[in-house]
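Here is a short tour for anyone who likes to keep the coordinates open while reading. Let's begin with the annotated regions and then work through the contact, the sheet and some local details.

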Amino acid sequence: MASSDVARQLDKNIRPLNLAGHVGFDSLPDQLVNKSICQGFCFNILCIGETGIGKSTLMDTLFNTNFENFESSHFEPQVKLRAQTYDLQESNVRLRLTVVNTVGFGDQMNKQESYQPVVDYIDRQFESYLQEELKIKRSLHNYHDSRVHACLYFISPSGHSLKSLDLVTMKKLDSKVNIIPVIAKADTISKSELHKFKIKIMSELVSNGVQIYQFPIDDETVAKVNTSMNGHLPFAVVGSTEEVMLGTKMVKARQYPWGIVQVENESHCDFMKLREMLICVNMEDLREQTHTRHYELYRRCKLEEMGFKDTDPECKPVSLQETYEAKRQEFLLELQRREDEMRQMFVQRVKEKEAELKEAERELQSRFEQLKRLHADEKATLEDKKKALEDDQVSFSKRRAAAQLLQGQSLTANGKKDKDRKNDDMTN
Amino acid sequence: YRPSRRSSSQQKNLEGYVGFANLPNQVYRKSVKRGFEFTLMVVGESGLGKSTLINSLFLTDLYSPEYPGPSHRIKKTVQVEQSKVLVKEGGVQLLLTIVDTPGFGDAVDNSNCWQPVIDYIDNKFEDYLNAESRVNRRQMPDNRVQCCLYFIAPSGHGLKPLDIEFMKRLHEKVNIIPLIAKADTMTPEECQQFKRQIMREIQEHKIKIYEFPETDDEEEMKFIRKIKDRLPLAVVGSNTIIEVNGKRVRGRQYPWGVAEVENSEHCDFTILRNMLIRTHMQDLKDVTNNVHYENYRSRKLAAVTYNGVDNNKNKGQLTKSPLAQMEEERRDHVTKMKKMEQEMEQVFEMKVKEKLLKLRDSEAELQRRHEQMKKNLEAQHRELEEKRRQHEDERANWEAQQRIVEQQKLDLSRTLEKNKKKKIF
């Protein structure tokens with residue numbers, strides 16, 4: 001946890017007190033140091049650079065060991081990051097070192113998105129820490145800190161200027177991580193070219209507003225060496241794990257026909273300066289800056305994104321509890337609202353469906369009404385026809401009856417006639 | 001503490017000088033620059049020598065005519081007062097806060113006299129919690145109470161009910177170091193017995209006093225075990241310097257001799273001072289930060305998070321942040337709503353199906369009846385047609401017959417006419 005400088009609190013009615021003897025709290029720094037030695041240290045380095053620029057070799061050389069190195073091709077479709085963690089020990093100090101290398105950086109044809117995986121990686125580590133910090137039951141003192149403490153940016157030894165990829169990438173990273181630019185494979189640049197190159201690089205960084213890591217000068221103990229080193233940035237480095245016999249010693253070097261480049265020779269390259277600054281003098285400061293500056297910035301942005309504020313709309317300070325409670329209220333209301341919405345929607349659907357079905361029923365009803373009418377009409381027609389038939393039958397019977405009657409009458413008349421005739425005939 | 005072992009980290013040997021063995025020096029340097037803070041609370045009845053002990057511990061006069069300490073008048077209620085002083089030693093700056101509790105245990109009725117103390121400690125935790133939870137965190141002054149020296153009156157018998165009550169209520173909020181005050185009123189044997197009795201009672205009541213952390217160092221552990229045997233520490237304090245055997249020492253002058261504060265055969269003051277200041281001050285701060293404060297914080301946040309949510313089901317899930325908890329609740333709610341939606345959908349579908357079925361049935365029924373009636377009508381039609389045909393046939397026949405008869409009649413009458421005519425001639 002970050003605590004303020006004691007000296008800053010002198011204004012708040014604190015009085016200095018004189019001790020009449022040796023009390024012994026000057027052992028406090030030792031107590032603190034012993035605790036941290038017991039716990040072990042942790043440091044995370046990110047190396048960004050093109051394939052083959054010498055990132056792995058430099059790491060091996062810096063830490064005097066042999067890390068797992070994977071040869072990567074130039075044909076990676078996109079930039080990836082590969083992290084490896086190692087446990088190192090020097091005298092009684094244990095260090096858990098994580099080395100993160102970019103794979104395929106600068107190899108794609110379109111490098112517009114090259115920086116994104118790097119930014120994402122750094123943010124992920126911040127997020128991980130933030131999540132732990134926000135947990136209800138948390139164990140920060142046990143937490144394996146994976147946040148990137150230092151970023152070595154490898155500049156190609158072109159001798160001219162920075163590439164636009166370099167500027168773009170560093171600009172995206174300078175508010176997220178401590179950037180230490182290094183000129184790689186410095187044994188391919190002559191001394192005078194190197195001097196001009198360094199000046200060009202630094203001026204380009206300044207004119208593009210890129211904030212690189214400055215070795216701290218506020219502590220008198222190290223201010224002098226740090227100030228001087230700041231003037232040698234960026235460090236021109238050469239890495240080598242191969243040893244060459246020089247005089248009576250074996251030294252780390254690169255053997256050329258025209259001479260031997262000694263890695264640890266300060267007049268050959270800045271390797272020793274890099275090791276001094278990065279590891280011996282400022283490792284703790286790099287960790288501190290990461291935590292108090294870069295991480296705080298990330299955290300602040302993230303919390304603001306989530307809607308947290310330090311003061312309420314009336315500019316009164318809100319406590320954490322109030323904020324959480326307000327959020328919880330909001331949250332519960334939202335859930336309630338969603339539930340109500342869903343129910344509402346259902347009620348609506350039911351209503352609509354009911355109307356639909358009623359409509360269908362009505363339609364059915366009217367259809368059958370129609371059929372019924374049709375039916376009734378037909379029935380009526382039928383009845384008419386029946387009636388007609390009956391009438392015909394009646395009139396026919398009447399006719400027949402009348403005819404019969406007539407016939408009967410005429411028959412009798414005819415019979416009489418006949419009889420008469422017969423009688424007549426007979427009488428004649 | 002050890003950092004948690006993440007999977008896949010390999011041991012590597014260094015083949016030469018690297019330089020990170022310098023890290024401890026860097027840490028040292030930065031801590032000196034930053035300065036240190038410590039808050040010490042003293043609790044005990046009046047007259048037990050609390051202020052004197054503080055003065056002896058820090059070899060100073062915390063309270064003076066300019067800065068008077070808590071008055072020796074018996075107060076009506078317990079006060080909690082803090083004094084902040086800045087001390088320097090060997091280039092190391094320490095901001096020391098002494099918290100005094102005048103009036104504690106002095107009243108006739110002391111029930112709840114610990115409450116102001118608890119409130120003070122909780123307030124400091126609350127302040128820190130709010131400070132560390134802000135969006136903009138800049139200065140986070142640490143005023144949390146890192147150690148509480150509890151003064152036990154040298155009755156020689158055992159703990160008083162107030163002692164037990166106080167320690168039980170505060171042992172999970174602050175590092176308690178119980179001290180036997182005015183140890184020069186007991187003989188070594190009496191003191192020994194008293195100590196054993198007190199430790200027995202502390203164990204009996206399951207009170208957790210501050211414990212020295214285990215170390216790997218055998219030497220250190222031996223030393224620590226020796227200290228543990230002498231708990232609780234019996235102390236004597238003094239503001240006066242007396243000459244004893246040519247040496248100037250702090251002590252209390254009696255007719256029968258001088259009880260020397262820093263003589264380990266006279267009392268445990270040196271042990272206390274060494275432990276509190278020279279060896280374990282950092283650990284007291286760490287335990288306060290990692291245990292007592294975290295307990296306070298998790299209880300506070302759990303109360304906020306689970307406000308209104310069933311507590312039992314969440315007991316084992318305190319590993320999330322309140323926001324993550326809300327996220328999870330939101331997801332649960334979405335699932336619940338989906339289920340509800342599904343159920344309602346099912347019921348809806350079922351009801352609709354029912355209705356449609358009914359509709360279809362009545363449609364079929366009506367259709368059937370319609371068919372029936374149609375058939376019926378058609379049958380009647382056919383019947384009628386048949387009847388009509390019959391009627392027509394009958395009529396046609398009869399008419400045909402009639403025509404024949406008529407024809408016959410006509411023929412007959414014609415013949416008759418003819419005959420008649422013939423006859424006439």
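How far apart do the end C-alpha atoms of residues 323-408 of chain B lie? They are 122 Å apart, and the span is 100% helix and 0% strand. Keep in mind as you read that this is a predicted model.

## Annotated regions

The span just described comes from a record: an unreviewed UniProt entry lists residues 323-408 of chain B as "coiled-coil region". For chain A, UniProt gives the annotation "coiled-coil region" to residues 343-392, again in an unreviewed entry. That stretch of chain A is 100% helix and 0% strand, with its end C-alpha atoms 72 Å apart.

Chain A has another annotation to look up. Residues 39-305 of chain A are listed by UniProt under "domain: Septin-type G", in an unreviewed entry. In this span the model has 38% helix and 22% strand, and the end C-alpha atoms of residues 39-305 of chain A lie 35 Å apart.

## Where the chains meet

The size of an interface is often given as the accessible area lost when the parts come together. Here chain A and chain B bury about 13,800 Å² between them, and carbon and sulfur atoms account for 59% of that area. Of the area that chain B buries against chain A, 6% is supplied by Phe20(B), Glu89(B) and Val135(B), more than any other three residues give. Counted by residues, the contact takes 135 from chain A and 134 from chain B.

What about polar partners? Between chain B and chain A, 55 residue pairs are in polar contact, with both residues at pLDDT 80 or more. Helix H9 of chain B (residues 322-424) gives the most to the side of chain B that touches chain A, contributing 42 residues. Sorted by class, that side of chain B holds 56 nonpolar, 36 polar and 42 charged residues.

## Salt bridges

Over all chains, the rule yields 58 salt bridges, and 18 salt bridges are found across the interface of chain B and chain A. One to pick out in your viewer is the pair Lys35(A) and Asp286(B), whose closest N and O atoms are 3.6 Å apart.

For an example inside one chain, try Asp123(A) and Lys176(A), which form a salt bridge with their closest N and O atoms 2.8 Å apart. This pair links distant parts of the chain, 53 residues apart: Asp123(A) sits in helix H3 (residues 115-134) of chain A, while Lys176(A) is in the loop between helix H4 (164-173) and strand E6 (179-183) of chain A.

## A sheet with strands from both chains

Which strands form the open sheet, and in what order? Its 7 strands run E1(A)-E3(B)-E4(B)-E2(B)-E5(B)-E6(B)-E7(B), with mixed pairing. E1 of chain A and strand E7 (233-234) of chain B stand at the edges with a single partner strand each, so one side of each is left without a neighbour in the sheet.

Strands of a sheet pair through backbone hydrogen bonds, either parallel or antiparallel. At one edge, strand E1 (residues 15-17) of chain A and strand E3 (residues 81-89) of chain B pair in the parallel sense over 3 bridges. There, Arg15(A) stands opposite Val85(B) in E3(B). At the other edge, strand E6 (residues 176-180) of chain B pairs with E7(B) in the parallel sense over 2 bridges, and Leu179(B) has Leu233(B) as its bridge partner in E7(B).

## Backbone details worth a look

Both chains offer a cis peptide bond to inspect. In chain A, the bond from Leu233(A) to Pro234(A) is cis, with omega near -10°, and Pro234(A) lies in the loop between helix H6 (220-230) and strand E7 (235-236) of chain A. In chain B, a cis peptide bond joins Leu231(B) to Pro232(B), with omega about -10°; Pro232(B) is placed in the loop between helix H6 (218-229) and E7 of chain B.

Finally, check Ser91(A), a residue other than glycine with a positive phi, near 55°. Ser91(A) is in the loop between strand E3 (80-90) and strand E4 (93-103) of chain A.

Methods:
Residues numbered from 1 in each chain as written. Chains lettered and ligands numbered in written order. Predicted model: local features only at pLDDT ≥ 70, side-chain atom pairs only at ≥ 80, totals over all residues. Heavy atoms only, no water. Contact = heavy atoms within 4.5 Å. Buried area = accessible area lost by both parts, 1.4 Å probe. Salt bridge = Lys/Arg side-chain N within 4 Å of Asp/Glu carboxyl O. Polar contact = N/O pair within 3.5 Å; in protein donor to acceptor, adjacent residues only side chain to side chain. Helix = DSSP H or I, 4+ residues; strand = E, 2+ residues; numbered from the N terminus. Nonpolar A, V, L, I, M, F, W, Y, C, P; charged D, E, K, R; others polar. Pairing = 2+ DSSP bridges. UniProt positions renumbered as here; feature names shortened; annotations may be inferred.
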